[in-house]
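What follows is a short walk through a few local features of the structure shown here. Please keep the model open while reading.

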Amino acid sequence: MINLIKKRDNTPIILDLNKVDFERDIQEGEIWQQDAVHEFNQRLEKTIKQAKKHKDNEGNNPTVIHDAIFIGGERGTGKTVFLQNIKSFWKKYKDENDLDVKAHFCDSIDPTLLVDHDNFANVIIAHLYNEVETYLESKQCNSVNEDSFYQSLRIVSKSLGKQENLEDGLSGLDRVIKYRSGIQLVKHFDTYINECRKILGVDAIVLPIDDIDMALARAYDVLDIVRRLLGCPKIIPIITGDLELYEPIIENRFKKDEDNKSNRIIGSQKAKQLTQEYLKKVIPHHNRISLEPIDRLLSSMIIYDFGDTEKREPLSYKDYITKFISCLFGPLNGEEKSCDWPKPDSAREVTQLVRDFSPSELKKENRAELWQRYIVWARLKQNSVAYSNAVTALKIEGSKVKENNAYITLNELHSFNPILQMNDLTPKWQGKLFFEEQVSDKLNADNELVKIMSQHFEEFKNEKIYRSMPIIEHFYGKFKLTSESITDENIQETTSKGKDQDSRNDKRMLLDIFTYNNYYDLTLKTQRQIFFSRAYELLAISLLNFDFKLEVENKDYLDKRVHHWNSILKDLFSRTPFYTVPALFPTKAFNIGPEEELTDEEEIKLVSNITIRELSSNIAAWEVKYLSNLKYYKNDSLMPIIYSVFNKSFTQLRLLKDRIQKNASNDYKNETLTDLALRFKYIVINAFATFMKPSPVVLQNVAFTSNLNLIRNFGEHRRYSPPLRDNVGYFFNFTDSKDNKPFSEIKGGLKDDIEPKALLLQAIANHPIFQLLENEELKNGAFQLLLNKNNRSNDITESDLEKTKISELNIKPIPLEKFKTLQERKKLSISDHRLIFGVDEGDIAAWDEDDKVRNKQLVIARAEFICELLNINFDGRITQVNFFTKNLQSI
């Protein structure tokens, strides 16, 4: 291709949505390939002047000049539109430069429209005849010229021969080449062209030939006609196509024997050389013009949307894409390829995209049609992730048009459910093998339980999903709660009169949100496994089912929202946490193997009604409080960030689980369920911040520290954690005075496009499942993670117990035998409590008034030490029973 001489200035190119595709006579600003137009006009001027100088042959052998102008580009670059407008390009150029030349522009010929055995030479002759006939019908012409024209038409037609006179099946040009002189045919064709030119009164005839490379079976034949016949100086072929498609067709033709296609005549290297020489002859290098790739043009594109021309606001393509991405991806910032989408690769695709998703369409309230179109676009671009996003968003949008009680859960959504993806029959173009994604080397090789669970994935060995997904939540040996751990927290399911408790119970809520035990086990006994899926789904569906038309002042309506959330949570808590092994294999029995007999846990219901009641009320109140925060983003546009955070968070949570599993007995020996929930909170909030904050972001894991003081104290944690300080802190005013409520105040001075993201993050950070963790009852940790009788200390000696002696009160050390008895207890009796404190009710009543506070501190210190030796929770198991509350608490 030639180098363009005149480069386009900064004149914008226009995409006017009021005009139909392939409209002729486009205006100057609507010419996308302005450099190519300038070069084309220059080449055409030179070629027409050359034709004007050339004298007619008048019976002599014709002059052959290969002067075809080639407009090259890949599919969809706008070659057809360019070809349809070359006449107007030339007219404007001719008028501006006052050129004394004339040319007739024929309508373009499309070789793809050739029928069966149509000969392209016949098509050209007939096409020129139609052009002249049309001209003659509208103009008066010299009768002598007319007679000469028809005479030349008869002669050239006879030269080509007729199909019915051929005995050997050859027709047209093939017969001529075989039986007659090719020079004679070219001579007659040259005469015919000259007669056409004379009647039309021009110096040259311009013949556009479009999409030769689309007629692959005819491409060589068409090019060969251009070489043999259209070398006449008075006719100028304008050819479009993609040279990369021509080359293999011509090369293959050179390799094969025409009489016997299976015979190989020359080698590949020689065929390639001949192909290049052939193309140089038919399409001279100096007449090759390349259309610019679309990505070089988009920076100067201006879009005019539908509407009143006088009032329309122009929109740059860059701003359009920003609006498009914002419409589809909501607050996502593109970090970690989160906003990747199938971009248009050609002018045709740009036009299709902007017409399908016009600026006015992006503003419409009903977004179902938009997602339907995005599904079509994803199929067109064969992009698996785009397809999955569109199907998921369409499902969310579709839930809005159902009855008022309709709601969406993550289990129903394509992007979050691998089974739905496997069962979808739409091609998985860049699909991932689910087995390889979930097993292979991504799992902790040291975790035997995980390796056993992985065997279940064999049934998915050849199944594909549309996108990469995080490792599903497995059973982990250390991520469970024993019955003793639960008993230590003294959760009261019933009152002293045997009735169900009716008051809020934060520990019970924590247990219901973060643990699950309703799975099949071969031992018929299950323990509460710690999963994060339910907690994440609670947060996600709060956003996806958020009611933007909330009637804040209507109490009846708000009561209905509480009832609505009650229905949703009953359904959610009745199901297995959505992204877990038991959810993926609901009918399989697992051999988890509890390490002890179940006792107290049998009294704990699967899910407490109090949890559902309190969470329903809390989420409904959260909706009211943060209505103004959440109004900026549609439910469906939040789906991509919810997925991105899901992917990132669950990947980090798996790494955290592996780390704790490996180092549990050392670094994480005092870990509680509250601490894991806090780690989950920090990971999720930081992930949301990561996907909303402008670059750069800190990618460090936010929850690996084994320092529980940092985990339980946000003020300390944010000082030592770069992700919390730089990612989350970008949006909030973190000060010492606000450490108890760190997400209460948005930073001032945020940019207009960032402030809605900060408000969204504020609503997320203050969601009820996160607020629960700030309640006083949970602040010191609840539900010891690694508490079971196998890790109780069995090497306690009398010298260790000597520290339980209180000389000031004449309290002797606890005897070793009695200590061992306490070790075996599943429940502590009132006598056990007296033994632990070293006093009974009478001793406490006899204390001198001035010494009561000191004495209380001494016996509590003894009790805390004994609880530490027993590995039981002092605050949960000791301070909430009658002995302490009646005798010591009030002192």
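This is a predicted model. A contact between two helices comes first in this account. In helix H20 (residues 506-514), Asp 512, Ile 513 and Phe 514 meet Arg 534, Ala 535 and Leu 538 of helix H21 (residues 533-544). By class, the contact of H20 with H21 has four nonpolar, no polar and two charged residues. The axes of the two helices come within 6 Å and cross at roughly 95 degrees. Because angles of 65 to 115 degrees count as roughly perpendicular, H20 is roughly perpendicular to H21.

Next is a strand with partners. Strand E2 (residues 69-72) is joined to strand E5 (residues 235-241) by four bridges, and the two run parallel. Three bridges join E2 to strand E6 (residues 288-290), again in parallel. Ile 71 of E2 takes part on both counts: Ile 71 stands opposite Thr 240 in E5 and opposite Ile 289 in E6.

In a regular strand, side chains alternate between the two faces of the sheet. In E2, Ile 69 and Ile 71 lie on one side, with Phe 70 and Gly 72 on the other. All four are buried, so both faces of E2 are covered.

The last element is helix H35 (residues 830-837), where Asp 832, His 833, Ile 836 and Phe 837 are buried. These residues cover an arc of only 130 degrees around the axis, which puts them on the same side of H35. After H35 comes Gly 838, with a positive phi near 80 degrees.

Terms used
Residues numbered from 1 in each chain as written. Predicted model: local features only at pLDDT ≥ 70, side-chain atom pairs only at ≥ 80, totals over all residues. Heavy atoms only, no water. Buried < 20%, exposed > 50% of the residue type's maximum accessible area, 1.4 Å probe, protein only. Arc of directions from axis to C-beta. Axes fitted to C-alpha atoms, helices over the stretch in contact; angles between N-to-C directions. Parallel < 35°, antiparallel > 145°, perpendicular 65-115°, else oblique. Contact = heavy atoms within 4.5 Å. Nonpolar A, V, L, I, M, F, W, Y, C, P; charged D, E, K, R; others polar. Pairing = 2+ DSSP bridges.
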